[in-house]
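Reader: I would like a close look at a single part of this model rather than a tour of everything. Please choose a part, explain your terms as you go, and then show me what lies around it.

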Amino acid sequence: MAVTAEKKLDARKLRADFPIFKQEIHGHPLAYLDSAASSQKPRQVLDAMTELYETSYANIHRGVYDLGERATEAYEGAREKARAFINADSTREVVFTRNVTAALNLVAYAWGVDNLGPGDVVLVTEMEHHSNFVPWQFIAKRTGAEFAAIPVDGDGELQLDQLDTLAASCRIKVLACTYVSNSLGTINPVGSLIQWAHEQGAIAVVDAAQAAPHRGVDVQALGCDFLGFTGHKMCGPTGIGVLWGRRELLERMSPFELGGHMIRKVTLEETTWNELPHKFEAGTAAIAEAVGLGAAIDYVTEVGVDALERYEHELLDYALPRLDEIPGVRLFGPPTDRRAGIVSFEVDGVHPHDVAQILDWEGVAVRAGHHCNQPLMHRLGVPATTRASFYLYTVPEEVDRLVAGLHKVRKTFA
Amino acid sequence: MSNELDNLYREVILDHYKNPRGHGVIEDADVEAEGMNPLCGDEVSIFVSFDGDKIDDVKFRGRGCAISQAATSMLMEMVKGRTAQEVASLDREELLEEVGIPLTPIRLKCALLGLGVLKLALHKGKGTPLPDEWAGLAEDLELR
């Protein structure tokens with residue numbers, strides 16, 4: 001391997017690409033610490049979408065005219081960018097969906113309904129986002145399969161010592177696991193979990209919603225069977241996500257949504273399906289959004305996922321001790337080396353909504369609530385947490401303002 | 001500190017939050033109801049005992065943001081001694097005036113949680129109607 005200087009991320013320079021930071025919130029510059037919910041968008045992404053609409057927009061995969069061909073090329077070009085981003089073998093395995101929720105619902109329904117039944121177990125984890133929890137719970141009930149969850153310990157890490165007990169007592173058919181916890185930032189050892197799932201004869205479904213924006217995701221290296229990620233958490237627009245699936249599985253699956261474009265031939269008697277990935281893309285696609293996702297992938301790739309991950313760890317190393325030393329603040333989650341740029345905490349005696357409200361008046365945007373993680377909140381023994389999350393445009397001053405804001409919270413409720 | 005913040009967490013709100021009035025459980029309550037705001041996890045349970053049609057005693061317990069808990073505390077003081085019918089038709093503005101701070105739509109749900117649960121309790125205990133505006137909310141409330 002060639003020795004190259006480590007690329008460094010310059011958050012201050014990148015920040016200038018994001019028009020939203022030009023404004024003030026309640027008289028303060030915006031400190032946006034809610035990127036785990038949704039990231040802000042750089043000019044490059046907005047421009048790519050506007051340019052498509054202004055110069056090359058038409059419906060795709062149909063028109064024989066020039067515009068339609070250019071729009072199709074842009075849309076399929078975005079698919080190729082998504083393929084390369086996760087190192088998939090082929091664009092046939094890259095299905096555009098509305099978001100990760102839609103991707104995971106697609107798998108739960110289109111794979112689950114035909115492959116699950118009584119005696120089978122669907123295994124999730126206690127830290128799953130509801131989007132990788134509720135569809136499986138629902139489909140398990142519908143098919144008569146059992147539903148179980150790998151427990152989480154007090155540090156917010158999976159209790160992997162429970163795996164052998166789980167394996168001995170049941171027939172696991174699916175492991176659905178998040179790569180990175182959206183509440184705690186925990187980076188799960190998905191590689192070994194996937195290997196373990198395969199040893200049980202199960203398929204492995206990975207929710208990479210929080211992973212793809214922050215670290216390299218390589219579906220071939222991971223060895224998983226399905227993986228979902230979304231555009232809006234990685235500088236892209238809302239309304240566009242990706243389901244990657246192993247080709248032989250996708251080919252054997254029935255379609256999920258039915259209608260235009262996903263068909264090959266329709267007669268009064270029967271309908272046959274389009275080839276992959278179109279079999280799973282019924283109706284007019286989110287064309288501009290896909291192009292926006294392509295531009296976002298270019299942007300994040302230019303920054304460099306490795307540089308991004310290193311930078312987020314620097315921010316965590318800066319933030320965690322400063323937050324920890326505030327009296328009455330209790331941090332959740334694992335140490336920096338096993339954590340993405342997400343920090344969940346509680347302030348003694350103050351509800352997260354009040355924390356977030358007071359921070360908002362200081363121009364600091366954080367998330368308060370259960371983060372679509374009710375089973376995890378139950379495990380941690382809290383109704384909700386306050387969560388700050390970082391991204392490639394986050395600067396240390398924003399962490400300082402969070403810390404100052406939390407002192408203000410403590411003073412208000414003293 | 002900005003004026004808005006001063007206003008939102010004014011002394012009376014913080015006082016009700018830290019020293020809630022009517023806080024606790026009525027062991028032999030005639031009726032109880034509980035509810036939560038699924039958006040932020042605020043929880044409120046309300047216990048009522050009647051003297052005829054009158055609310056003889058009312059208590060609450062819960063956990064949640066300062067707005068939800070303070071507003072419920074204020075509500076306890078407002079309704080004790082009034083009739084079930086009167087409270088069932090209590091206009092939400094009456095409570096919001098008492099709360100006395102400008103609320104965003106999201107925080108409005110926090111402030112009105114206790115009132116929703118109380119009206120539910122009265123509905124269970126005395127068959128008072130649930131106003132239309134509560135129909136949607138009632139589905140979110142867990143009846144016990």
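Author: A residue is called buried if 20 or more other C-beta atoms lie within 10 Å of its own, exposed if 12 or fewer do, and partly exposed in between, with C-beta atoms placed from the backbone. This is a predicted model, in which local features need pLDDT of at least 70 and side-chain atom pairs count only at pLDDT 80 or more, while totals for chains, interfaces and linings use all residues. Residues are numbered from 1 along each chain as its sequence is written, and chains are lettered from A and ligands numbered from 1 in the order in which they are written.

The part to look at is chain A, beginning with strand E14, residues 342-347, where six of the six residues are buried; helices (H or I, at least four residues) and strands (E, at least two) are DSSP runs, numbered from the N terminus. Burial reaches both faces of E14(A), since Ile342(A), Ser344(A) and Glu346(A) are buried on one side, and Val343(A), Phe345(A) and Val347(A) on the other. E14(A) runs antiparallel to strand E13 (residues 329-332) of chain A, to which four bridges join it, and in this pair Val347(A) is the bridge partner of Val329(A); strands pair if DSSP finds at least two bridges between them. Another antiparallel pairing, also over four bridges, links E14(A) to strand E17 (residues 385-389) of chain A, with Thr386(A) in E17(A) as the bridge partner of Phe345(A).

Elsewhere in chain A, seven strands form an open sheet of mixed pairing, in the order E4-E10-E9-E8-E7-E5-E6. Strands E4 (94-97) and E6 (146-150) of chain A stand at its edges with a single partner strand each, so one side of each is left without a neighbour in the sheet. On average, and with direction ignored, neighbouring strands of this sheet are turned by 20° against each other, where the axes are lines fitted to C-alpha atoms, for helices over the stretch in contact, and angles run from 0 to 180 degrees between N-to-C directions. Within the sheet, E7 (residues 171-178) and E8 (residues 203-207) of chain A pair in the parallel sense over five bridges, and Leu175(A) has Ala204(A) of E8(A) as its bridge partner.

Helix H4 (residues 100-110) of chain A has ten of its eleven residues buried, so it is largely enclosed by the rest of the structure. Its buried residues include Val100(A), Leu104(A), Asn105(A) and Ala110(A), and the buried residues of H4(A) pack against E4, E8, E9 (226-230) and E10 (241-245) as well as helices H5 (112-115) and H6 (134-143) of chain A; two residues are in contact if their C-beta atoms, placed from the backbone, lie within 7 Å.

Finally, the axes of helix H13(A) and helix H15 (residues 396-412) of chain A come within 9 Å and cross at roughly 120°. The contact is made by Val355(A), Ile358(A) and Leu359(A) of H13(A) and by Gly405(A), Lys408(A), Val409(A) and Thr412(A) of H15(A). H13 also takes part where 14 residues of chain A are in contact with 13 residues of chain B. Helix H13 (352-361) and strand E16 (367-369) of chain A each supply at least two residues of the side of chain A that touches chain B, and H13(A) gives the most, with five residues.
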